[in-house]
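Me: I've got a model open and a pile of terms I'd like to see justified. Can we go through them one at a time?

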Amino acid sequence: MQAWQVHENGEPSEVMRLTDTAPPAPGDGQVLLRVRAANVNFPDALLCRGQYQVRPPLPFTPGVEVCGETQDGRRVIATPVLPHGGFAEYAVADAGALLPAPDALDDAEAAALHIGYQTGWFGLHRRARLEAGETLLVHAAAGGVGSAAVQLGKAAGAKVIGVVGGARKAAVARGLGCDVVVDRHTEDVVAAVKEATGGRGADVIYDPVGGEAYTQSAKTVAFEGRIVVVGFASGTIPSPALNHALVKNYAVLGLHWGLYATKNPALVRQCHEQLTELASRGAVKPLVSERVPLEEAAAAVQRVADGRTTGRVAVVPEKGAGA
């Protein structure tokens, strides 16, 4: 089979190599999946760089999110077990963690319903307890993680403010349903959010960016607001001033979705059932902006790493059926 492998750490476009190799052999409790579609996530770039919290042994195949097909023909969603990731014709996954792919979504969309939407659901509902009528601010609203949070926020009945970088991404955020869109390249984010909320600020802030975005979050969070820290796509990990959280009476909530798979896997399945129901009635639909062949996976991971994409980019192996 063909698979992308990383033999040394560095930028994805430089260290990912397409190779011919034998299909991986599943271990105890694992299954072999034919990859129908694999979505590109920012953690794939961090894996290539050796900066992710998990560091698989070299060489490894990145690709943390797939829609695959089991040997008995079931279409499933899975998080592949590294080092046998999803940017390949076949991947390995834990049998007990497979989730049924929703019939309402194609392969690329189904794969994209997993990590980003699970993260959004846990962040907004489990951690921040978002309520209908509240204001939700989403940083990087046109990206893969942000676009999921926007749709989930709208589905929950929230007013959604999306922060983006550039006119193209602003148009995408409006198309996703944002009530207010702020272009950080041309607008003062803090002033724009305060104007949109009548000076009150946002009840829930969803931040996969860190850095300056977190600074803006602390300045725009409402009384009894909640800032959900999802990641640090900016490359800068902020150091929150806890005296500021005390004085303004807001909460800073961390979210590491991967922990639920080991700490409370039943919640992951419950979340998937709710996401499947939302997808079946059209309340959420993953934004897949590009579908590329396996040969273009490294370039796709690099574009995501550089922040040049919107929604999700899906890698569809030629033998798959994810178009």
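**Checking the labels**

Reply: Happy to, and let's start with a pair in the sheet: Val204 stands opposite Arg226 in strand 12. Bear in mind that this is a predicted model.

Me: What makes strand 11 and strand 12 a pair?

Reply: Two strands pair if there are at least two bridges between them. Strand 11 and strand 12 are joined by 5 bridges, so they pass, and they run parallel. Strand 8 (residues 135–139) and strand 9 (residues 159–164) pass too, with 5 bridges and a parallel run. There, Leu137 stands opposite Ile161 in strand 9.

Me: How many strands are in the sheet, and in what order?

Reply: The sheet is open and has 6 strands, ordered 10-9-8-11-12-13, with parallel pairing. Strand 10 (180–183) and strand 13 (251–254) each have a single partner strand, so one side of each lacks a neighbour in the sheet, and that's what puts them at the edges. From one strand to the next, the twist averages 20°.

Me: Why is strand 12 called mostly covered?

Reply: Buried means under 20% relative accessible area, and 7 of the 9 residues in strand 12 are buried.

Me: And what makes helix 5 largely enclosed?

Reply: Same sort of count: 9 of its 12 residues are buried, so the rest of the structure largely encloses helix 5. The buried ones are Gly144, Gly146, Ser147, Ala148, Ala149, Val150, Gln151, Leu152 and Gly153. As for what lies alongside, helix 5 lies across strand 8, strand 9 and strand 11 (202–207), at about 170° to strand 8. Angles over 145 count as roughly antiparallel, so helix 5 is roughly antiparallel to strand 8.

Me: How do you know that the length of helix 5 agrees with what it should be?

Reply: At 1.5 Å a residue, its 12 residues (144–155) should span 16 Å, and the end C-alpha atoms are 17 Å apart, which agrees. Just after helix 5, Gly157 has a positive phi of about 90°.

Me: Why are helix 4 and helix 5 called oblique?

Reply: Helix 4 (residues 115–127) packs against helix 5 at an angle of about 50°, with the axes 8 Å apart. Roughly parallel needs an angle under 35 degrees and roughly perpendicular needs 65 to 115. The angle of about 50° falls between those ranges, so the two helices are oblique to each other. The crossing is right-handed. On the helix 4 side, Gly116, Tyr117, Gly120, Trp121 and Leu124 meet Ala148, Ala149, Gln151, Leu152 and Gly153 in helix 5.

Me: What makes helix 4 roughly perpendicular to helix 11?

Reply: Helix 4 and helix 11 (residues 265–280) pack at about 100°, with their axes 10 Å apart. That angle makes helix 4 roughly perpendicular to helix 11, given a range of 65 to 115 for the term. Among the helix 4 residues in this contact are Tyr117 and Trp121, and the helix 11 side includes Leu267 and His272.

Me: Last one: why is Arg312 called buried?

Reply: Its relative accessible area is 6%, and the cut-off is under 20%, so Arg312 counts as buried. Arg312 lies in strand 15 (residues 312–316). Its contacts include Glu65 and Glu290, along with Gly116 and Gly144.

Methods:
Residues numbered from 1 in each chain as written. Predicted model: local features only at pLDDT ≥ 70, side-chain atom pairs only at ≥ 80, totals over all residues. Heavy atoms only, no water. Expected span 1.5 Å × (residues − 1). Buried < 20%, exposed > 50% of the residue type's maximum accessible area, 1.4 Å probe, protein only. Axes fitted to C-alpha atoms, helices over the stretch in contact; angles between N-to-C directions. Contact = heavy atoms within 4.5 Å. Left-handed = near helix turned anticlockwise from the far one by under 90°. Lists of a residue's contacts leave out its neighbours within four places in sequence.
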